[in-house]
Amino acid sequence: MDTWQVLSALVAERLKAASSGERRVFAAGVAERLMSRHEELPADERAPFTLSLRPPAEFRVGGRSR
């Protein structure tokens, strides 16, 4: 098995054992990581629809803006 498959299976097992709240936190962390990477792309490579999915700064924890 490839390394990513082993890691994927490990994460799947951990998520099965986690509470629904813990799974939501995990999903939010993954979404934040992906959005942050997208926002770091050159402006001409960013998708307006993807950027529109981020809530306005005043609705985010800490109110941080990008």
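Guide: Let's start with a term: buried means under 20% relative accessible area, exposed means over 50%, and partly exposed is in between (1.4 Å probe, protein chains only). What you're looking at is a predicted model, where local features need pLDDT of at least 70, side-chain atom pairs count only at pLDDT 80 or more, and totals for chains, interfaces and linings use all residues. Residues are numbered from 1 along each chain as its sequence is written, and side-chain values use heavy atoms, with hydrogens and water left out.

Visitor: Okay, why is H38 called buried?

Guide: Its relative accessibility is 15%. That falls under the 20% cut-off, so H38 counts as buried. You'll find H38 in helix α2.

Visitor: What does the side chain of H38 reach?

Guide: The backbone nitrogen of A47, at 2.9 Å. A polar contact needs N or O atoms within 3.5 Å, and within protein one must be able to donate a hydrogen and the other to accept it; residues adjacent in sequence count only if both atoms are side-chain atoms.

Visitor: Back up a bit. What makes something a helix here?

Guide: Helices are DSSP runs of H or I with at least four residues, strands are runs of E with at least two, and both are numbered from the N terminus. By that rule the chain has three helices and zero strands. From the N terminus on, the order is α-α-α.

Visitor: How do you know that the chain is more spread out than a compact globule?

Guide: We use the radius of gyration over C-alpha atoms, and the globule rule is 2.2 Å times the number of residues to the power 0.38. For 66 residues the rule gives 11 Å, but the chain comes out at 15 Å, well over that, so it is more spread out than a compact globule. The C-alpha atoms fill a box of roughly 40 × 30 × 15 Å along the principal axes.

Visitor: How much of the chain counts as buried?

Guide: Just the figure: 12% of the 66 residues. The chain exposes about 5,600 Å², and carbon and sulfur atoms supply 61% of that area. Those areas come from the Shrake-Rupley method with a 1.4 Å probe; for residues, only the protein chains shown count as cover.

Visitor: What makes K16 and E13 a salt bridge?

Guide: A salt bridge is a side-chain nitrogen of Lys or Arg within 4 Å of a carboxyl oxygen of Asp or Glu. The closest N and O atoms of K16 and E13 are 3.5 Å apart, so the pair passes. Both lie in helix α1 (residues 3–17), three residues apart, about one turn of the helix.

Visitor: Why is K16 called exposed, and why is E13 called partly exposed?

Guide: K16 has 65% relative accessibility, which is over 50%, so it counts as exposed. E13 has 49%, in between the two cut-offs, so it is partly exposed.

Visitor: How many salt bridges does the structure hold?

Guide: Three. R54 and E32 meet in one of them, 3.0 Å from N to O. R54 lies in the segment after α3 (48–52) and E32 in helix α2 (residues 20–39), so the pair ties together parts that are 22 residues apart in sequence.

Visitor: And what makes R54 and E39 a salt bridge?

Guide: They sit 2.7 Å apart, N to O, which is within 4 Å, so the rule is met. This pair links distant parts of the chain too: R54 in the segment after α3, E39 in helix α2, 15 residues apart. E32, E39 and R54 are linked in a network of salt bridges.

Visitor: Why are R54 and E39 called buried?

Guide: R54 is at 14% relative accessibility and E39 is at 15%. Each value is under 20%, so both are buried. E32, at 24%, is in between the cut-offs and therefore partly exposed.

Visitor: What counts as a positive or negative side chain?

Guide: Lys and Arg count as positive, Asp and Glu as negative, while His and the chain ends are not counted. Each charge is placed at NZ of Lys, CZ of Arg, CG of Asp or CD of Glu. That gives 11 positive and 9 negative side chains, with the centres of the two sets 6 Å apart.

Visitor: How far apart in space are E13 and D44?

Guide: They are 39 Å apart, C-alpha to C-alpha, and 31 residues apart in sequence. Another pair is S20 and P42: 22 residues apart in sequence, 36 Å in space, C-alpha to C-alpha.
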